[in-house]
Amino acid sequence: GYVTDSIKKFIAAGSDHTKLAVRAAHSMDKKIMIGFRAQAWQTPPAFEDYFSSDFYRAHPEWRTVDRDGTPVMRMSYAVPEVRQHILGILREVLAYQPDGIEIIYFRGLPLMLWEDAFSDLFEKKYGIDARKVPENDPRLYELRGEIMTGFMRDVRELLDDVQKQQGRKSRYELSASVVHTKTDNTKFGLDVERWVKEELVDSIGIFPAAFHTDTSKPVDVDWFRQITKDTKTKFHALMIGWRLSSYKDAIGEARRYYGAGADGLIFWDPSATGFYTPRPPLPTRHYTRAVSTYWPLVSRLGHTEILPELEAAGRPAPKYIPLKRYGNYWFGRWIPDVGF
């Protein structure tokens, strides 16, 4: 609620956060990708009033439905109007001229289930009710894959069209962050190999711990390396901030990914603090607790040539710059807000 109210006030004052973010990134000669979470439409209580989509609330008929008829809090990508709505959002974002779009597929799977929009397409294609075949029927996976590849083609076409309309020299990049095994990507209709072959995506991000996937299996780096070999598409392994339990483990994990062929790393839930051992025991553990410094490590993990040196040297010394004054608010050894 605080975040929502704060952002509304900034908007009312004429401050556009997306514009500021793009300007800031480009001022540092960095690329910026605007991310779209594939199913971030609505949260249940107690945040339902803050994280909510008018589109979602207005169109319950376009939501996903489980095979037993239970409504599911997702929008169905089998519905053309849903896909068009998303393309409209992406077009709006491209007006800010970032360097590209990232579609975060691992946040919100599944993308479609047994709602009428999907089931009608299935029966038309295969002559059988989708609700009567096993959940692991490869025909379900095939149709999901066709729908999602069609959507990715539409996104790629949108990016290219907007580039031409803007008279932009550089091509908009398209990144897809997917899940960690071929099996689970196939199950949810994410035909990553096909996207690479058709040159729809410039990069692939790999999330190792998505909901509704088999997290007992390791990241299938070999498969991602195989499908991107000798192509223009790069793949990036994703490291989760609050899982970096020690300095040594973090560097070791990064080196393993690089050794397996990853082109780079992505960090999920990054923070300026925290995450080296010793981590506080439960229940006091919290991933934003400032037990130590996080950024001095992750800011160096892209420099592959110095990782052995960093590993040998041990944890880098944190740099602290104490806040002394903010406007007419003064900070020192006497904490200003202890009266509360």
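## Exercises: helix 9 and some salt bridges

In this predicted model, the buried residues of helix 9 pack against strand 5 (173–179), helix 7 (182–187), helix 8 (192–197), strand 6 (203–207), strand 7 (234–240) and helix 10 (247–259).

**Exercise 1.** Work out which residues of helix 9 are buried and how they sit around its axis.

*Solution.*
- Start with the span: helix 9 covers residues 221–228, and V221, W223, F224, I227 and T228 are buried there.
- Now look down the axis of helix 9: the buried residues fall within an arc of 165°, so they line one face of the helix.
- Here's the background: an α-helix has 3.6 residues a turn, so residues three or four places apart point the same way.
- Just past the end, helix 9 is followed by D230, which has a positive phi, near 60°.

**Exercise 2.** Find the salt-bridge partners of R131 and say what its pairing with D116 ties together.

*Solution.*
- R131 pairs with D116, with the closest N and O atoms 2.9 Å apart.
- D116 lies in helix 5 (residues 116–126) and R131 in the loop between helix 5 and helix 6 (138–166), so this pair ties together parts 15 residues apart in sequence.
- R131 also bridges to D129, and there the closest N and O atoms are 3.4 Å apart.

**Exercise 3.** Place the bridge between R153 and E198 in the chain.

*Solution.*
- The closest N and O atoms of R153 and E198 are 2.9 Å apart.
- R153 is in helix 6 and E198 in the loop between helix 8 and strand 6, 45 residues apart, so to speak a link between distant parts of the chain.
- R153 is partly exposed at 36% relative accessible area, and E198 is partly exposed at 32%.

Note on methods. Residues are numbered from 1 along each chain as its sequence is written. This is a predicted model: local features need pLDDT of at least 70, side-chain atom pairs count only at pLDDT 80 or more; totals for chains, interfaces and linings use all residues. Side-chain values use heavy atoms; hydrogens and water are left out. Buried means under 20% relative accessible area, exposed over 50%, partly exposed in between (1.4 Å probe, protein chains only). Helices (H or I, at least four residues) and strands (E, at least two) are DSSP runs, numbered from the N terminus. The arc is that of the directions from the helix axis to the C-beta atoms. Contact means heavy atoms within 4.5 Å. A salt bridge is a side-chain nitrogen of Lys or Arg within 4 Å of a carboxyl oxygen of Asp or Glu.
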